[in-house]
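Dear colleague,

I am passing on the structure we spoke about, together with some notes on the ligand and its surroundings. Please look through it before reading on.

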Amino acid sequence: MSESTQRQTFGRMGFILAAAGSAIGVGNIWKFPYITYENGGGSFVLIYLIAVLLIGAPIMFAELLIGRQTRLSPVGAFLQLGKNVRGGKAWSVVGWLGLLGGFVIFSYYSVIAGWTVYYFGKCLSWSIGGFTEETAQGLGDSFGAFLANAPLQIGFHALFMIATTSVVYFGIKSGIERVTKTLMPILAALLILLLVNSFFAPGFGEAIAFLFHVGPVSASQVLEAVGHSFFTLSLGMGAMITYGSYVSRKQSIPRAAATVCLFDTLIGMSACVIMFTIIFGVPVAERAGTFSKSATILFTTLPRMFYELPFGAVLAPTFYLLVAFAALTSTISLLEVVVSYFIDVRGWSRSKSTVRLGMVIFLTGVPCALSLGASPFLSNMLVGGFFNTLDYLASNWILPLGGLLIAIFSGWFLDQRIAKAELEEGHGPFPLFKVWRFFIAVAAPIAIIWIVVAVIGGKSFQ
Ligand code: TRP
C-alpha cells in the first residue's frame, strides 16, 4: 500500500471519460433493452430510473469519495478506513465481494463483447461483399448457428480477453482513454442518428407506449431493475472506488458522478427506443419470432436497419466497432479492480497479476461461451444456463449486496466530516450533503433490504 500518497491522477475530462467508459458498455446497448423487453417495459423502466437516481447516484458519490480519500483499490480502501471504525478489518469483505463480482462479470461479459467484434467483421464483409435480401432474411437463423458454434464462441471470447489483458498489462489505459475520447461521441452520434430514424419508423409510437406504460411487477422484477442500475453504472463492486482513487483533488465528485449517471441513462434509454421500434415495427402476426429473439436483436435485426440508411454499409461496421470499444473500456475497469488488488495488497507485479488473472477469468468464461446454445447441458443448467446464472448472481445479488454494504459503511461508519470534505473538495460548498446523507444512510439501505426480503417472500406489486 505504498502509493497512497502520490498516486497518479486523471486529468479532468480523463476521469469523466474513464468512468463513463466503464459505465457505458454492452450493459446499456445489449442488456438493458433486452431485459426491459422481457420484463414488460414501463414499470421496469420506471423502477430502474428511480433506482439510478435514489440508490445508484448516491452510491456512486460514496464509491468515488472512498477511492479518492484512500487512494486505494477496494480491499485496501476498506482495510484502511476500517481501522478507525467499528468492525475494523471485517469491512474488507466489501472489497472481497467486489473482487468476486469483477471476476464473475468479466468472465461472461467478455463473451458478449466478443459478439460485437464478430459482428464488426461480419458487417464489414457484408459491406464489401454485398448485403442481399437473403442475408437480411437469414440474420436470425445465422445467429442461432453462431451461438451453437463452440470454436467461434470461445475464439471471440478469447480475442476479447486478450485485448483487455493487453491493455491492462501494458498499462496503456491512458492511451485507450485518449482514443475513447473521440470514439464515445461518435457512438453517441450514431445512436442519435438511429433514434431519429426510429422516430419516422412505424413501430415508434408503440415502442414509446411500451416504454412508459406502467403495470404490475413482481418483487424479483424490481430486484432485477435495481440490480441493473448497479450493473449499468458499474457500482457495487468497487470499480468506482478504484477509479475514484485516481481522481484529482481539483475535481468535483458530485458533478462527475451526476454526469456519468446522466449519460449512461440516456444511452440505455436510446438503445431501448431503437430496439423496440424494430420489434414493434413488425406486423403483429410475425412478432412471435422477433419477440423471442429480444435478447439477440442487437445482432439479428439491427444490421438490417443500418442497410436501409444512407451510408449504412459504412455505418454498420462502424457501429459494432464502437460498441466493441465501449465494451473494452468496461472490461478494463472490471479487470483493473481484480488486478490492482493483487498489486496493492499482495505485492504482485502488474504483469504477473494480469496474465494469471486473465487466464483464470478466461477459463471461467469458457462454460459461459458454451452455454448459449453450443452445449445443451451448460445451456439448460441452473437459472437458464451457466451464462445467465452468473449474470443473475452477479447483477441481482453480488452488486446490490456490495452496494448495500457500501451505503451502510458510508452512511453510518465513515466519519461524516471526511465524507463532507471529500464531496466539497474541488466542488465548493455542497448544500445537498444532508440529502445525500439521507439517501445513503437510510433510503438506499432500506430499499435494498426491503426488495430482497420481498423477493425471498415471492411478492408482487400492483
Ligand atoms: N457498466 C458496464 C456496462 O453497463 C459493465 C461494467 C463495467 C460493470 N464495470 C463494472 C458492472 C463494474 C458492474 C461493476 O456494460
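Which polar side-chain atom lies 3.0 Å from a nitrogen atom of the ligand? In this predicted model, that atom belongs to Ser 234. A nitrogen atom of the ligand also has a polar side-chain atom of Ser 333 at 3.1 Å, and an N or O atom in the side chain of Tyr 109 is found 2.5 Å from an oxygen atom of the ligand. Taken on its own, the ligand has 360 Å² of accessible area, and the protein covers 100% of that.

As for the wider surroundings, the ligand has 17 residues around it, of which Ala 23, Gly 27, Tyr 109, Phe 231 and Ser 234 are the closest. Sorted by class, this shell is made up of nine nonpolar and eight polar residues, with no charged residues. At least two residues of the shell come from each of helix 1 (12–23), helix 2 (26–38), helix 5 (92–129), helix 10 (219–232) and helix 16 (312–344).

I then turned to the empty space, since rolling a probe the size of a water molecule over the atoms shows where such space is left. The search, made over the protein atoms alone, gives four cavities of 30 Å³ or more, and the largest cavity holds about 140 Å³ of space. Its lining consists of 17 residues, and those closest to the centre of the cavity are Ser 22, Tyr 109, Phe 231, Ser 234 and Leu 334. Two or more lining residues are given by each of helix 1, helix 2, helix 5, helix 10 and helix 16, with helix 16 supplying the largest share, three residues. By class, the lining of the largest cavity has nine nonpolar, eight polar and no charged residues.

Where, then, does the ligand sit? The ligand is placed in the largest cavity.

With best wishes

Terms used:
Residues are numbered from 1 along each chain as its sequence is written. This is a predicted model: local features need pLDDT of at least 70, side-chain atom pairs count only at pLDDT 80 or more; totals for chains, interfaces and linings use all residues. Side-chain values use heavy atoms; hydrogens and water are left out. A residue is near a molecule or strand if one of its heavy atoms lies within 4 Å of it. A polar contact is a pair of N or O atoms within 3.5 Å; within protein, one must be able to donate a hydrogen and the other to accept it, and residues adjacent in sequence count only if both atoms are side-chain atoms. Accessible areas come from the Shrake-Rupley method with a 1.4 Å probe; for residues, only the protein chains shown count as cover. On a 1 Å grid over the protein atoms alone, a cavity is a set of points where a 1.4 Å probe fits but cannot get out, and a pocket is an open set with protein on both sides within 12 Å along at least five of seven lines; lining residues have an atom within 4 Å of a point. A molecule sits in a cavity or pocket if more than half of its atoms lie within 2 Å of its grid points. Helices (H or I, at least four residues) and strands (E, at least two) are DSSP runs, numbered from the N terminus. Ala, Val, Leu, Ile, Met, Phe, Trp, Tyr, Cys and Pro count as nonpolar, Asp, Glu, Lys and Arg as charged, and the others, Gly among them, as polar. Grid points are joined across faces, edges and corners, and a volume is the space filled by probe spheres set on the points.
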